Amino acid sequence: MLCVKNGMIHDAVHEDAFRGDILVEDGKIKAIGENLEIPEGAEVVDAEGLQVYPGFVEAHGHIGLDGYGIGYEGMDYNEMNDIISPQMRGIDGVKPMDPAFPMAAAAGVTCVCVGPGSANVLGGTFTTIKTVGKRVDDMIVREGVAMKCAFGENPKRVYKDKKDSSRMTTAALLRETLFKAKEYMEKKEAAGDELSKRPSFDMKLEALIPVLKKEIPLKAHAHAAEDIFTALRIAKEFDLKITLEHVTEGHLIVEELAKENVPLAVGPTLTSASKFELRNKSWTTPGRLAAAGCQVSIITDSPVIPQEYLPLCAGLAVRAGMEPFAALQAITINPAKHAGIADRVGSLEVGKDADIVITDGCPFEVSTKVEYVFIDGKRIKKQIL
């Protein structure tokens with residue numbers, strides 16, 4: 001058992017912090033309150049004068065797939081030979097020994113949603129994992145949380161001389177595949193238990209059935225306003241759930257996105273405008289969207305920005321006008337909702353995983369030190385970043 005005592009608790013649910021204790025048992029938060037009775041034999045951490053937060057959560061990145069310090073030959077986050085690859089599973093490319101994981105954990109980033117990149121129109125599924133472990137199977141919070149699709153310049157650039165040279169082509173390829181998957185699913189359902197009547201097994205189309213059944217969303221890479229609207233248009237055509245990833249020009253279409261009411265993952269912003277669709281990149285984007293009532297997550301798209309700088313990105317959004325509590329939610333409970341794991345992580349509440357970060361100040365400030373990190377109630381060894 002573990003008891004964190006006397007800290008200022010920022011639970012990511014209530015805007016005002018409060019002084020209290022957190023009792024942990026079997027990796028879960030058992031109780032939160034003042035002057036909790038400490039069971040005999042429990043590990044006690046006195047957080048007097050310190051700030052207590054939920055573990056930080058990333059809604060969209062590639063940590064463990066695009067490895068730290070291993071160059072192009074070690075990258076495993078894009079299938080570069082097939083523009084339609086929904087059968088790929090991000091979990092199969094994760095390297096738990098990637099040094100980026102202990103760096104992230106030491107900075108308080110305790111849970112990440114990771115998966116394929118944006119080279120393909122359909123790239124495969126994302127999974128959610130904790131940032132500590134030797135075997136990815138033991139790190140999973142929830143597998144297969146979303147199906148990656150991509151709009152804009154990336155598929156065009158990768159497949160320019162093979163398959164895709166325009167935004168119209170990208171949209172048409174996605175529609176064609178969804179139509180085929182819908183027909184495949186309907187034939188399977190009509191056949192029932194009669195194997196002879198079932199369509200021939202197709203792993204790509206099989207992988208899209210959870211999307212068509214709205215069990216998981218399309219996770220749509222879209223920077224430019226026109227790509228955002230195309231993603232939404234196609235989701236409506238096929239009655240699909242969708243989350244929008246990057247949303248670089250979101251501040252230009254705030255009112256439209258507020259009406260759509262879909263989760264938004266904004267970033268990576270701590271980079272140069274390396275391509276045309278990033279020319280309107282702004283730190284004001286997450287704050288303006290959050291102020292309009294949108295569910296906003298701030299992302300690093302790691303390793304585009306190193307994973308450990310997720311809290312810093314939230315701080316830069318605050319400097320650009322985002323409300324501090326909204327920024328905290330954008331790296332805790334909102335990304336947990338975005339990835340469909342808010343029942344486990346993202347806030348300090350009874351019954352949730354005991355992912356706890358204790359700092360000597362506001363985590364948005366570069367001078368703040370992370371004093372303790374707990375993942376599933378176990379203390380993570382401190383590391384100099």
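Strand 14, which covers residues 356–359, is enclosed on both of its faces: I356 and I358 point to one side, V357 and T359 to the other, and all four residues are buried. The model in which this arrangement appears is a predicted one. In a regular strand the side chains alternate between the two faces of the sheet. The division of strand 14 into the pair I356 and I358 on one side and the pair V357 and T359 on the other can be read against that background.

Strand 14 also has partners along its edges. Strand 5, residues 51–54, runs antiparallel to strand 14, and four bridges join the two. Within this pairing, P54 has I356 as its bridge partner. Strand 15, residues 370–375, is likewise antiparallel to strand 14, again over four bridges. Here I356 stands opposite F374 of strand 15. Residue I356 therefore serves as a useful point of orientation, because it is buried, with under 20% relative accessible area, and is matched with P54 of strand 5 and with F374 of strand 15.

The loop leading into strand 5 may be considered next. L50 lies in this loop, which connects strand 4 (43–46) with strand 5. Is L50 buried or exposed? Its relative accessible area is 14%, and L50 counts as buried because the cut-off for that class is under 20%. Leaving aside residues up to four places away in sequence, L50 touches G7, M8, I358, T359, D360, E371 and Y372. Among these contacts, I358 and T359 belong to strand 14, while E371 and Y372 fall within strand 15. By contrast, I38 is twelve residues from L50 along the chain, and the C-alpha atoms of these two residues are separated by 19 Å.

The view can now be widened to the whole protein, which has eleven helices and 16 strands. Its radius of gyration is 21 Å, close to the 21 Å that the globule rule gives for 385 residues, so the protein is as compact as a globular protein of that length. The C-alpha trace spans about 65 × 50 × 40 Å along the principal axes.

Of the 385 residues, 57% count as buried. Among contacts between residues at least 6 apart in sequence, 68% join residues at least 24 apart. The protein exposes about 16800 Å², and carbon and sulfur atoms supply 50% of that area. As for charge, the protein carries 45 positive and 56 negative charges, whose mean positions are 5 Å apart.

How values were computed:
Residues numbered from 1 in each chain as written. Predicted model: local features only at pLDDT ≥ 70, side-chain atom pairs only at ≥ 80, totals over all residues. Heavy atoms only, no water. Buried < 20%, exposed > 50% of the residue type's maximum accessible area, 1.4 Å probe, protein only. Pairing = 2+ DSSP bridges. Rg over C-alpha atoms; globule rule 2.2 N^0.38 Å. Contact = heavy atoms within 4.5 Å. Areas by Shrake-Rupley, 256 points an atom, 1.4 Å probe, with all protein chains shown as cover. Lys, Arg positive; Asp, Glu negative; His and termini not counted. Charge placed at Lys NZ, Arg CZ, Asp CG, Glu CD.
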